[in-house]
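Welcome, and thanks for looking at this one with me. Below are a few numbered points to read alongside the structure.

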Amino acid sequence: MVKRAEPYRIKAVEPLHMTTRKERVEEIEAAGYNTFLIRSRMVYIDLLTDSGTNAMSDRQWAALMVGDEAYSGSESFFHFEKAVQDVYGMPYVVPTHQGRGAEHILSQVLIKPGDVIPGNMYFTTTREHQELAGGQFVDIICDAAHDPQDLSPFKGNVDLGKLEQVFKEVGPEHVPYVSIALTVNMAGGQPVSLENLRAVRALCDRYHVRLYMDATRAVENAFFVQEREPGQSDRPIREIFKEQLSYVDGCTMSGKKDNLVNIGGFLATRDPEVFEAARELLVVFEGFPHYGGLAGRDMEAISVGIREMVDDEYIKHRVLQVRGLGERLQAAGVPIVLPVGGHGVFLDARRFLPHLEQEQLPAQALAAALYVQGGVRAMERGVVSSGRDPVTGENHHPKLELVRLTVPRRVYTESHMDVVAESVSELYQHRSEIPGLRFVHEPKRLRFFTARFEPLRPSPVFQA
Ligand SMILES: *Cc1c(COP(=O)(O)O)cnc(C)c1O
């Protein structure tokens, strides 16, 4: 069988609008050179995010019809709760409108002002909610994660020395929980090994600190464990997945990723006290505990998605499709983060645009230029996304300055991936013409979503 052939066939199609270069030049200018502000109709291949962009299966669409829309005691909630209990192995489940709803609740329940939350690299919304609750995020990821050319197989791993250092410096009583993400989005979708997870658990136990997981892409993580960790190749994904979750006290989840739906999320825990406190906040911020911001039909679709996501054939195709795009770009000499992660290919904007300083926002400029080149929409993950230090007001300067080509699940074909690879390679030939950008509008929080920019100089890259 062809290695990357799709393990599904297409039952419904969504026709796309094909744009001209002139239309795209006008669109990017109107969008303030921020790919978040481009109209979807003007995009040919949308790799902005893998969040909520999944294609649902025929079974998920069928499940929508049996949603029980009762305010309380909804049958759909019990299906959802059962799916989380079966697949994640967590007894207590709180539905939320999406992942950040769960992060908000967990942060408010556990974090006190002055607390420190160690994590394997920050994620935008996660850190924001930790800070809103008065906490401070500290990075404890291994150094390899910050090096886009380091080929280590588990670049999401926690550096145990760094974690222990935090416990000793601030005192474990000021660490409400350690937050471990599988895979690590901001490092390029890099996985964590089972061995590392076990060691983190042991260290947390020694200091009596809770361990919570951002399980957003833990299925993709399980595939890497199966592929790379000694002794794991014969185990089904479902089993590896559950073992990963067995090491943590609970998890927050964005259903818009692994769970194969367009909206939804949850907080799950083994701790009855955290569960009770979470339910009290849930009724204030999300909704009654039996729907928490979701419709009954949403919970039905997630229940089916949770069972489909641990199918070995599905997840193998998912990760290999992403890797295939990376291989095509590498063959064209384009600098990318290696090894290719689970949900997307990350262009290394520092090496792509060596003529630009980080203050000239190279990744933002590259994403804008790629849209004009081929109608491909990507996202900046660099200095713009990491924001400013809340204390000093200075820009954070992350080591990684990346453009993320995120692949939605079950949506695009191999031919689409060819078009993406061609567009990026063509742009790479003209890379020296890409100018830097400057802010013309800068929001205070999560600025990357709605900021506006302008080019530092006129360039053919942004002309028709
Ligand atoms: C998307 C994401 C979240 C937040 O989830 P939403 O559903 O977008 O609110 C949290 N953590 C990671 C790693 C994510 O990728």
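1. Let's begin with a strand pair. Strands β11 and β12 (residues 402-406) run antiparallel and are joined by three bridges. If you want a spot to find by eye, look for glutamate 380, which stands opposite valine 403 in β12. Please keep in mind throughout that this is a predicted model.

2. Now step back to the sheet around that pair. It is an open sheet of three strands in the order β9-β12-β11, and the pairing is antiparallel. The edges are taken by β9 (344-348) and β11 (379-381); each has a single partner strand, so one side of each is left without a neighbour in the sheet. On average, neighbouring strands of this sheet are turned by 35° against each other, direction ignored.

3. A helix belongs in this picture too. Helix α12 (residues 312-331) packs on the sheet, where it touches β9 and β12. The direction of α12 makes about 30° with that of β9.

4. The loop between α12 and β9 also deserves a look, as proline 339 has its place there. The peptide bond leading from leucine 338 to proline 339 is cis, with omega near -10°. Another cis peptide bond joins leucine 182 and threonine 183, and here omega is about -20°. Threonine 183 lies in the loop between β5 (177-181) and α7 (194-207).

5. One more backbone detail may catch your eye. Tyrosine 33 is not a glycine, yet its phi is positive, at about 60°. You will find tyrosine 33 in the loop between α1 (21-30) and β1 (45-46). Why point out such places at all? Because most residues other than glycine have a negative phi, and most peptide bonds are trans.

6. Next, the ligand. Which of the 14 residues around the ligand come nearest? They are Gly99, Arg100, Asp214, Ser254 and Lys257. By class, the shell around the ligand holds seven polar and six charged residues, with one nonpolar residue.

7. Some side chains place a polar atom beside an oxygen atom of the ligand. For glutamine 98 the distance is 2.9 Å. Arginine 217 also has a polar side-chain atom 2.9 Å from a ligand oxygen, while for asparagine 185 the value is 3.1 Å. How much of the ligand does the protein bury? Taken alone, the ligand exposes 380 Å², and the protein buries 96% of that.

8. Finally, where does the shell come from? Two or more residues are given by each of the elements α4 (99-110) and α5 (124-132). The largest share, three residues, comes from α4. A good way to finish your tour is to locate α4 and then pick out Gly99 and Arg100, which are among the residues that come nearest to the ligand.

Conventions: Residues are numbered from 1 along each chain as its sequence is written. This is a predicted model: local features need pLDDT of at least 70, side-chain atom pairs count only at pLDDT 80 or more; totals for chains, interfaces and linings use all residues. Side-chain values use heavy atoms; hydrogens and water are left out. A residue is near a molecule or strand if one of its heavy atoms lies within 4 Å of it. A polar contact is a pair of N or O atoms within 3.5 Å; within protein, one must be able to donate a hydrogen and the other to accept it, and residues adjacent in sequence count only if both atoms are side-chain atoms. Accessible areas come from the Shrake-Rupley method with a 1.4 Å probe; for residues, only the protein chains shown count as cover. Helices (H or I, at least four residues) and strands (E, at least two) are DSSP runs, numbered from the N terminus. Ala, Val, Leu, Ile, Met, Phe, Trp, Tyr, Cys and Pro count as nonpolar, Asp, Glu, Lys and Arg as charged, and the others, Gly among them, as polar. Two strands pair if DSSP finds at least two bridges between them. Axes are lines fitted to C-alpha atoms, for helices over the stretch in contact, and angles run from 0 to 180 degrees between N-to-C directions. Contact means heavy atoms within 4.5 Å.
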